[in-house]
Amino acid sequence: MQKIDEFIFSPHKMYKFYHILHNVIKENRYFLIPYSFFLLVTSFLLIFFSKTQIHLAINQYNCQAMDFFFKYLTFLGDGLFVVFLFFGLCCYRYRYALFILASFLISGLIVQLLKRFVFGHSDRPGIFFAGIYKLHLVDGVSMMGSYSFPSGHSATAFGTFLGLSIISQNKFLKLSFFFISLLIAFSRVYLSQHFLGDIFAGSIIGTLVTLMLFPFFKDVQASWMDKSFNSILKTSK
């Protein structure tokens, strides 16, 4: 047990962790700077307006094209998408595939614990506004009723696409990954599956988990981690 503690909490390991984390934040500023702006604006809205006011203001702006767009975009925040992405990344590098999968599993666990044991009585908009206000709902979307806070789709979206931003070296892709994650999270509000505060909290969980996890996966010294399905197939030929 002492050796494990020394391995995890040794000054050398802690310095290395900080160094990697510092670099990953710096290298992903094209994702994290606009994300910080999103947090700032959302914080302002949540402080000065009630969740009812915010949701009703957003809900009144809708059209058929946005209904269609957000109805299908929201699936990118599902676990099934992460599974497909995991196998896709296994063709590139196991290290990155396992990193994305671990981020999804850990952030998902945190979200579910908060949903069920801390904020279990938080109703979703469909239940919250029932008999009070007739929301615009999108045809074909199955409405959830409970466990509104925090948003699991938002945690998955921000965690997964920040992970892809970390993997990518392209600045345009990093910025694009932020906007994709933001749109996925917003889809949950547009579809009245969540309130703005739910996606705000979910995004923080996904982002922090991904940032904290990457230094550990970066530091793993195992040659097989940098191999892929493709390398195995080439070797077997």
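**Notebook: buried sites and helix packing**

**Entry 1: F214.** I looked up F214 and found it buried, at a relative accessible area of 10%; buried means under 20%, exposed over 50% and partly exposed in between, with a 1.4 Å probe and protein chains only. The model is predicted, so I note that local features need pLDDT of at least 70 and side-chain atom pairs count only at pLDDT 80 or more, whereas totals for chains, interfaces and linings use all residues. Residues are numbered from 1 along each chain as its sequence is written, and side-chain values use heavy atoms, with hydrogens and water left out.

F214 belongs to helix 11; helices here are DSSP runs of H or I with at least four residues, and strands are runs of E with at least two, numbered from the N terminus. Residues up to four places away in sequence being excluded, F214 touches I20, V24, Y96, F99 and I166, where contact means heavy atoms within 4.5 Å. I then checked the C-alpha separation of F214 and I166: it is 8.5 Å, for residues 48 places apart along the chain.

**Entry 2: the core.** F214 also appears in the largest nonpolar core, which has 51 residues. Such a core is a set of buried Ala, Val, Leu, Ile, Met, Phe, Trp, Tyr and Cys residues joined through side-chain atoms within 4.5 Å. The residues with the most contacts inside this core are F31, L89, F99, I100, F158, L164 and F214. I followed L164 outward and, with neighbours within four places in sequence set aside, found contacts with L85, L89, I100 and F177. For background, nonpolar side chains tend to be buried together in soluble globular proteins.

**Entry 3: helix 9 against helix 10.** How do these two helices run relative to each other? Helix 9 (residues 152–167) and helix 10 (residues 171–190) pack at an angle of about 175 degrees, and their axes are 9 Å apart. Axes are lines fitted to C-alpha atoms, for helices over the stretch in contact, and angles run from 0 to 180 degrees between N-to-C directions. Helix 9 and helix 10 are therefore roughly antiparallel, the classes being under 35 degrees for roughly parallel, over 145 for roughly antiparallel, 65 to 115 for roughly perpendicular and oblique for the rest.

On the helix 9 side I listed H153, S154, A157, F158, F161, L164, S165 and I166; they meet K174, F177, F178, I180, S181, L182, I184, A185 and R188 of helix 10. The residues of this contact divide into 11 nonpolar, four polar and two charged. Ala, Val, Leu, Ile, Met, Phe, Trp, Tyr, Cys and Pro count as nonpolar, Asp, Glu, Lys and Arg as charged, and the others, Gly among them, as polar.

**Entry 4: N28.** I turned to N28, in the loop between helix 2 (11–27) and helix 3. N28 is buried, at 1% relative accessible area. Beyond four places in sequence, N28 is in contact with S165, I166 and K174. N28 and K174 are 146 residues apart in sequence, yet their C-alpha atoms are 6.8 Å apart.

**Entry 5: helix 4 and its cover.** Which residues of helix 4 (residues 51–59) are buried? I recorded I54, H55, I58 and N59. They cover an arc of only 125 degrees around the axis, which puts them on the same side of helix 4; the arc is that of the directions from the helix axis to the C-beta atoms. Their cover includes helix 3 (29–48), helix 8 (125–128), helix 10 and helix 11 (196–219).

From helix 10 I picked V189, buried at 2% relative accessibility. V189 touches H55, I58, H194, F195, L196 and I199, residues up to four places away not being counted. The C-alpha atoms of V189 and T52 are 12 Å apart, with their positions 137 residues apart in sequence. In helix 3 I noted T42, buried at 3%; apart from neighbours within four places, T42 is in contact with L196 and F200.

**Entry 6: backbone geometry.** Last, I checked the loops. The peptide bond joining F149 and P150 is cis, with omega about -10 degrees, and P150 lies in the loop between helix 8 and helix 9. Y147 is in the loop between helix 8 and helix 9, has a positive phi near 55 degrees although not a glycine, and is partly exposed at 29%. S192, in the loop between helix 10 and helix 11, is likewise not a glycine and has a positive phi of about 60 degrees; S192 is buried, at 0%.
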